[in-house]
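Work through the exercises below with the sequence and the model at hand. Each task is followed by a solution in steps.

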Amino acid sequence: MPPLLRYPTVDELGARAAALVARYPRHARLRRVGTSRAGSPLLLLSVGHGSRQVLVVGGPHANEPVGGATALRLAERAVADPRLTEGADATWNLLLCVDPDGLRRNEGWLTGPYTLGRYARNFFRPGFLEQPEWLPDGPDRATLPETRTLLALQDELRPFLQCSLHGVDVGGGFVELTHELPGLAQRISHTAARLGIPRELGAYDTLYWPDLGPAVYRIPPPRRGDLTAAITEAAVDSTWCHPRRHGTVTAVVEAPMWGVAAVADDSPPVDRDGVLRTVSRTLRHDTRRLRRVLARLRPHLAAVPEAAHLLAPVDDYLLVCPRLADEWDPDTDDRTDRSLPPMNTSHLVALRLAGRRLSLRTAGLLHQLVTRTGGDPAGVLAELDRLVDEGCADYRDGCGAHWIPVGRQVEYQTRVVLAAFELAGRRAAAGARSGEPGRGSEAAVPMHRD
């Protein structure tokens, strides 16, 4: 198979899946399992005829296209290697993209060239309430058709393994698990070393979560709170744990687009509090600038097509940024009665990346809103360009962010999924229980924030 040079678009995902089925009609099937809010088909590619089901979810976040490419690579591998199907009595079910509408809105950068500035100015990700894996009101009250489709698939298939394929824009690779898979951390270490993928040893998403090994984290039960707390602490239900009642192990597999070597540095920090003060101060400063821009721009957006879709995540980010700045600042009481956990250098690097990520995404979304007005009626485009350029320079020059070719991203994620498949299969064969049916105290999981 030729190396992947770029991410596939939504239409290319469907076309390539259909071509694979045409080549291997005895082994592969493609069916429409649902319809997105904008009318796009939600396509499930299945390979094999075994009784044990695997569910792979591509594109859970609109700006993370690696999962669709990985799903196609996994299908090719499953067709070519009977040990993954007949030999394991397994069927691979690959949901190519659970948010095709969001992925289409990223096509301004999706096919390259891949630069931080191009990505930022064309970035899209819906607001928190429009992300398909999030269940803020529980599965019985899910409203998004994409979410309902995914929940129905989980209940239909009752998979022994679910893999949700995510992408980190800037940072490193890591995995989040609903249940421990002994040996996975060692497999990830070997794969990451061979492919030159940094392992994220202090991921921002998992700051308060238990470690199951280097770059492997256990998804804990959430803390309940108001919406702001739910967003910043990820205290909501998710489709990651809905299939626990079926004995499913879920692995959330993260693959980075731009790698940062320092996320793998687990050494003690030289000046923890100094770094935290800088990160918090920078986030507050950027938030004030972005709020001023939005205040000037908002009156001009009434006639802008798609303005609501772009404003929803902007408002979400500007809501959580001050809370996070207070949470990270050693000199500020954020009124949560909770202190930061022990931190190594990788944790501090991850927080620096996360702070920049929030302000850069917001600036990029506002930049798109300005360009869609057909001019610059609020006179804010120069300020937004400065914010984007500053954020990209910090990633590139301050953090050493470097592009990881698409083919390597996909190969890394593919190998991690195959390792999880093998280990989860052993776990199931050994008769390990995944928890009692129903929604007990551990049935709820944190939303993925990154």
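**Exercise 1: helix 12**

Task: compare the expected span of helix 12 with the distance between its end C-alpha atoms, then find which residues of the helix are buried.

Solution. Step 1: helix 12 covers residues 381-398, 18 residues, and at 1.5 Å a residue it should span 26 Å; its end C-alpha atoms are 24 Å apart, which agrees. The expected span is 1.5 Å times one less than the number of residues. Helices (H or I, at least four residues) and strands (E, at least two) are DSSP runs, numbered from the N terminus.

This is a predicted model, in which local features need pLDDT of at least 70 and side-chain atom pairs pLDDT 80 or more, while totals for chains, interfaces and linings use all residues. Residues are numbered from 1 along each chain as its sequence is written, and side-chain values use heavy atoms, with hydrogens and water left out.

Step 2: the buried residues of helix 12 are Glu383, Leu384, Leu387, Val388, Gly391, Cys392, Asp394 and Tyr395. Buried means under 20% relative accessible area, exposed over 50%, and partly exposed in between (1.4 Å probe, protein chains only). Seen down the axis of helix 12, these buried residues fall within an arc of 165 degrees, so they line one face of the helix. The arc is that of the directions from the helix axis to the C-beta atoms.

Step 3: the cover over the buried residues of helix 12 includes helix 5 (116-122), strand 6 (161-171), helix 9 (272-297) and helix 11 (345-372). Just after helix 12, Gly400 has a positive phi of about 75 degrees.

**Exercise 2: helix 1 and Arg16**

Task: what does helix 1 bury, what does it expose on the face turned away, and what is Arg16 in contact with?

Solution. Step 1: Val10, Leu13, Gly14, Ala17, Leu20 and Val21 are the buried residues of helix 1. Down the axis of helix 1 they fall within an arc of 125 degrees, so they line one face.

Step 2: on the face of helix 1 turned away from the buried side are the exposed residues Asp11 and Ala22. Among the elements that cover the buried residues of helix 1 are strand 1 (28-35), strand 2 (41-47) and helix 2 (66-80).

Step 3: Arg16 lies in helix 1 and is partly exposed, with a relative accessible area of 34%. Neighbours within four places in sequence aside, Arg16 is in contact (heavy atoms within 4.5 Å) with Leu4, Pro8 and Leu72. Arg16 and Gly400 are 384 residues apart in sequence and 35 Å apart in space, C-alpha to C-alpha.

**Exercise 3: the cores and the whole chain**

Task: which residues touch the most other members of the largest nonpolar core, and how many helices and strands does the protein chain have?

Solution. Step 1: a nonpolar core is a set of buried Ala, Val, Leu, Ile, Met, Phe, Trp, Tyr and Cys residues joined through side-chain atoms within 4.5 Å. In the largest, of 121 residues, Leu45, Trp92, Leu161, Trp328, Leu366, Leu384 and Phe421 touch the most other members. Helix 11 gives this core its largest share, 13 residues. Apart from this core lies another of ten residues, including Val168 and Phe174.

Step 2: the protein chain has 13 helices and twelve strands. Buried residues make up 61% of its 450 residues. The C-alpha trace spans about 60 × 50 × 45 Å along its principal axes.
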